[in-house]
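Thank you all for making time this morning. I would like to walk through one protein with you, going from a single pair of strands outwards to the charged surface, and I will try to keep each statement to what the model supports.

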Amino acid sequence: MKRTVLPILLLLLAVSSVYSQGMVWTQRYQDYFDTYKDLAIEQMQRYNIPASITLAQGVLESAAGRSELAVKGKNHFGIKCNGWTGRRTYHDDDERGECFRAYNNVVESYEDHSVFLSTSKRYSRLFQLKITDYKGWANGLKACGYATNPAYASKLIEIIQLYRLYEYDKSKAFDKFQVQQIEHGDMRHIYAFNKNYYLLARRGDTFRSIAADVDISYRKLARYNERDKNEPLEEGEIVWLKKKRHKAPKMFKGKLHQVCPGESMYSISQKYGIRLKYLYKMNDLPPYHEIRVGERLRIR
């Protein structure tokens, strides 16, 4: 009897260990949530679909925005053509060459996902659930036939819990600026930091070329980044999309920045999203001060 029990216990422990490890955190997923959280909250307020569910479905169905369907058709939710009269794209799924809806931008995909769920009788019972009941929504989507994968509900729940997406279900406001940028400039990846947004300059970029993509005046962009509007940009350079702040985020409270080779007061101010004059002021430094490698600076 003991010989039989021991292997079973070892097997159960092994399975439990694998299951407990589950999904691991990735920056790719986090970037997706940072980019589209405001759009999901906006949709939640209009259609009463939990933002956590929308984000978890979006990241799962689109491979964090990198799937062929998401890249070619801006389709982040894998919605097929049934009853669709708009633009189309074709992709292998359950069968070869299936028809999927295609959109002009990600905002249209999120909007259509909300309309698809809220106007279909198949999903009507989900709207009787509380907005914070993401588990009920996840299990309901699977039960109503949104996906064929038997683990679909558990995957959604695991993503929501790992990235704490349920916190967005309590949100009362969203950043309209971010939603606008997704609509006008979703060909560029926009990052969120220090209650602001930034992107990384590409080779050959200017304030004019970036302004055309994100629908902001190039003169404003230059001012936000404390630069001349005609000054060239280097590849990989941070470009802030709103006015920089007085200090670094709260996570840097009590911490100092140690100057590395090649850094300047300006590059440090860009890194943390701080206006240059406030960086000097925090450190009681005159504007002509030349920093040295190893020097420690207050950033908050």
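Let me begin with a small question: which residue in E2 is the bridge partner of His 91? The partner is Glu 98, and before I build on that I should say that what you are looking at is a predicted model.

The pairing around His 91 belongs to a wider arrangement, in which strand E1, residues 88-91, and strand E2, residues 98-101, run antiparallel and are joined by four bridges. Another position to look at is Tyr 90, which stands opposite Cys 99 in E2. The two strands make a hairpin, with six residues between them, and in the turn you will find Gly 97, whose phi is positive at about 60 degrees.

If you now turn the view to look at E2 from either side, where are its side chains, buried or exposed? In a regular strand the side chains alternate between the two faces of the sheet. In E2, Glu 98 and Phe 100 are on one side, Cys 99 and Arg 101 are on the other, and all four are buried, so that both faces of the strand are covered.

Arg 101 brings me to the salt bridges, of which the count comes to twelve. Side chains of opposite charge can pair when their charged atoms come close. Arg 101 meets the side chain of Asp 112 in one such bridge, at 2.9 Å from N to O. Because Asp 112 lies in helix H5, residues 106-118, while Arg 101 lies in strand E2, this pair ties together parts that are eleven residues apart in sequence. Both partners, Asp 112 and Arg 101, are buried.

A contrasting setting is found for Glu 235 and Arg 203, which form a salt bridge whose closest N and O atoms are 3.3 Å apart. This pair links distant parts of the chain, with Glu 235 in the loop between H10 and E5 and Arg 203 in the loop between strand E4, residues 196-200, and H9, 32 residues apart. Here both Glu 235 and Arg 203 are exposed.

The loop between H10 and E5 also holds both partners of another bridge, Arg 227 and Glu 237, whose side chains meet at 2.3 Å from N to O. Since both residues lie in that loop, the pair ties together parts that are ten residues apart in sequence. Arg 227 counts as buried because its relative accessibility is 16%, and Glu 237 counts as buried because its value is 18%, where the cut-off for buried is under 20%. Salt bridges that share partners also join Glu 42, Arg 46 and Glu 111 into one network.

While we are in the loop between H10 and strand E5, residues 238-240, please also find Glu 226. Its phi is near 55 degrees, a positive value in a residue other than glycine. Why does Glu 226 count as partly exposed? The reason is its relative accessibility of 32%, because the partly exposed class lies between the 20% limit for buried and the 50% limit for exposed. A positive phi, near 60 degrees, is likewise found at Asn 48, which is a residue other than glycine, and Asn 48 lies in the loop between helix H2, residues 27-47, and helix H3, residues 51-61.

Now to the surface, where a positive patch is formed by Arg 208, Arg 219, Lys 220, Arg 223, Lys 229, Lys 243, Lys 277 and Lys 281. Two elements give two or more residues to this patch, namely helix H10, residues 218-224, and helix H12, residues 276-282. H10 supplies the largest share, three residues, while Arg 208 has its place in helix H9, residues 207-214.

For a sense of distance, take Lys 72 in helix H4, residues 68-73, which counts as exposed because its relative accessible area is 55%. The C-alpha atoms of Lys 72 and Arg 223 are separated by 34 Å, and the two residues are 151 apart along the chain.

Finally, the whole protein has twelve helices and seven strands, and 45% of its 300 residues count as buried. Its C-alpha atoms fill a box of roughly 75 × 65 × 35 Å, taken along the principal axes.

Notes: Residues are numbered from 1 along each chain as its sequence is written. This is a predicted model: local features need pLDDT of at least 70, side-chain atom pairs count only at pLDDT 80 or more; totals for chains, interfaces and linings use all residues. Side-chain values use heavy atoms; hydrogens and water are left out. Patches are made of residues with over 30% relative accessible area and no salt bridge: like charges are joined within 9 Å, nonpolar side chains (Val, Leu, Ile, Met, Phe, Trp, Tyr) within 5 Å. Accessible areas come from the Shrake-Rupley method with a 1.4 Å probe; for residues, only the protein chains shown count as cover. A salt bridge is a side-chain nitrogen of Lys or Arg within 4 Å of a carboxyl oxygen of Asp or Glu. Lys and Arg count as positive and Asp and Glu as negative; His and the chain ends are not counted. The place of a charge is taken as NZ of Lys, CZ of Arg, CG of Asp or CD of Glu. Buried means under 20% relative accessible area, exposed over 50%, partly exposed in between (1.4 Å probe, protein chains only). Two strands pair if DSSP finds at least two bridges between them.
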